[in-house]
Amino acid sequence: MENFYYFLLVFDYFAVLYFFLVNGTYIFLNVKAFFSIKNYWTSREIIDIENLFQSEFYKPVSIIIPAYNEELTIVDNIISILSLQYPELEVIVVNDGSKDNTIEELKDYFSLVESSRTYRDDLATQPVKKVYDSLDYPNLVVIDKENGGKADSLNAGINIAQFPLVCNIDADSLIDDQALQKIVEPFSRDWRVIAAGGTIRVANECGIKGGQVKKVRLSKKPIVRFQVLEYLRAFLFGRVGWASLNSLLIISGAFGVFKRKYLLKVGGYSTRTVGEDMELVLKLNKEMQKSDRDYRVLFFPDPVCWTQVPEEIKILSSQRRRWQRGLGQSLLMNKEIFFNKNYGLLGLFTYPFYFFVELLGPVIEILGYISIILTVVIRGRINEVVILFFITAILMGVLLSILSLFFEEMTFHKYTKLKDKLSLVFYAFLENFGYRQLHTFWRLRGLFDLFSKKESWGSQKRKKFND
């Protein structure tokens, strides 16, 4: 028993070091992101976006919206996109063999007729049944195809896209009025930019009118509030931090812009992973590094996309398991980056961090919790290693969330009600005592799904946007 106790003690200290390094890195990224955002605001004051897009230097954009069983949100989404302030764009909706009334909703509302447009097959996809134009909106095209998944739908949209920039937006999401201008602007002034991502925020319970978020509200449901915190950390500050180090590995499939020619160069989105958005960015990084080309993959905190998040534990669990599986698939499909000095910081730090922390982290975290509990049970008391574990695993996690909320208040100030701010502070403490451990367990199950080669997408549930 004594030997077992000392084994536990060694692992406890390892877990303490692990949590300290992980949460310390995240706190560093938060602080780095805060100063990056301040510089971003300064540059925004200098650049006159309105005049830029009235000049000849703007770039036209093809917006692709993959849709599978999206009858409840698809019309609002498209109205939102069509009303964007942008001089020249086309909207491509790809109906991926929906089993509900998605295509009928599109036909009825937008007065669709069969198109004479030529469909190119630069990227292989499932068969396309028909292509439609809208009698009311000349810049709207709808592809009706056999089911092939999200990546397959995006590739179909890329095939038919006419413009040099491609923007991907989820069918259950809405983007702010000037978001497209803000995310595309760097492409017009910097030839090195090949991809850029925007921030994703939670739309549940927000006031929506005319396809736009008019009033930001915090959902009353605890499960949604926990996700608000997660999105703040991951999108608003985590990815801004990685981008400031020129080491961004993922642009969300819900809102990203890419140069079409490079999407074709790397073979488009992979249909062999449920994490097609991350796998694409990894491929783009590899391609640019191999060709020794100076390039930039950017992330911006200001262009905002609003999305519905799960409101049921079962659906959230399925989503997070899928994300973990997609992360593993994407990393393994691009494993040559791992500790490869030819990829610079991306290969020597960012990829290993994602591998050991984001992918394998759930194993270490769960074992850490079990080990610390056994240590207390065997010794019958709380010793210094238990206190250190609490500080690094729990209190540093709380600090990370509080920092994210503080930076949000200092910068974007989306939640204006005092009770909403205080509620988020309370949930920043609460999430570390149950929700975080549950989330870790879901990620662990996602790892098992990865190694058991599970292929299903998982369940999802949509509802109409609030008025």
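The legends below describe an overall view and several close-up views of a predicted model.

Residues are numbered from 1 along each chain as its sequence is written, and side-chain values use heavy atoms, with hydrogens and water left out. Because the model is predicted, local features need pLDDT of at least 70 and side-chain atom pairs count only at pLDDT 80 or more, while totals for chains, interfaces and linings use all residues.

**View 1. The whole protein holds 15 helices and 12 strands.** Helices (H or I, at least four residues) and strands (E, at least two) are DSSP runs, numbered from the N terminus. The C-alpha atoms fill a box of roughly 80 × 50 × 45 Å, taken along the principal axes. For 467 residues a compact globule would have a radius of gyration near 23 Å, and the 23 Å of the protein agrees with that; the radius is taken over C-alpha atoms, and the globule rule is 2.2 Å times the number of residues to the power 0.38. Of the 467 residues, 58% count as buried, where buried means under 20% relative accessible area, exposed over 50%, and partly exposed in between (1.4 Å probe, protein chains only). Among the contacts with a separation of 6 or more, 81% are between residues 24 or more positions apart, a contact being heavy atoms within 4.5 Å.

**View 2. Helix 10 covers residues 313-333.** At 1.5 Å a residue, its 21 residues should span 30 Å, and the end C-alpha atoms are indeed 30 Å apart; the expected span is 1.5 Å times one less than the number of residues. Helix 10 is mostly covered, since 16 of its 21 residues are buried.

**View 3. F355 and F356 form one of the 28 aromatic pairs in the structure.** Their ring centres are 5.2 Å apart and their planes stand at 90 degrees, so the pair is edge-to-face. Rings of Phe, Tyr and Trp (its six-membered ring) pair if their centres lie within 6.5 Å, and planes under 30 degrees apart count as stacked, over 60 as edge-to-face and the rest as tilted. F355 counts as buried at 18% relative accessibility, whereas F356, with a relative accessible area of 37%, is partly exposed.

**View 4. F390 and F433 form a tilted aromatic pair.** Here the distance is 6.5 Å centre to centre, with 45 degrees between the planes. F390 lies in helix 13 (residues 384-411) and F433 in the loop between helix 14 (418-430) and helix 15 (435-451), so the pair ties together parts that are 43 residues apart in sequence. F390 is partly exposed, with a relative accessible area of 36%.

**View 5. A393 is a buried residue of helix 13.** Its relative accessibility is 0%. Not counting residues up to four places away in sequence, A393 touches F19, N23, N432 and R436. A393 and F20 are 373 residues apart in sequence, yet their C-alpha atoms are 7.3 Å apart in space.

**View 6. T199 has its place in strand 8 (residues 193-202).** With a relative accessible area of 1%, T199 is buried. A polar atom of its side chain lies 3.1 Å from the backbone oxygen of P301. Leaving aside neighbours within four places in sequence, the residues in contact with T199 include F235, L236, F299, D302 and C305.

**View 7. H439 of helix 15 is joined to R320 by a polar contact.** The contact, 3.0 Å long, is between the two side chains; a polar contact is a pair of N or O atoms within 3.5 Å, and within protein one must be able to donate a hydrogen and the other to accept it, while residues adjacent in sequence count only if both atoms are side-chain atoms. H439 counts as buried at 16% relative accessibility, and beyond residues up to four places away in sequence it touches E230 and R320.

**View 8. D292 and F339 each have a positive phi although neither is a glycine.** Most residues other than glycine have a negative phi. D292, with phi near 55 degrees, lies in the loop between helix 9 (276-290) and strand 12 (296-307) and is exposed, with a relative accessible area of 69%. F339, with phi of about 50 degrees, is found in the loop between helix 10 and helix 11 (344-359) and is partly exposed, at a relative accessible area of 49%.
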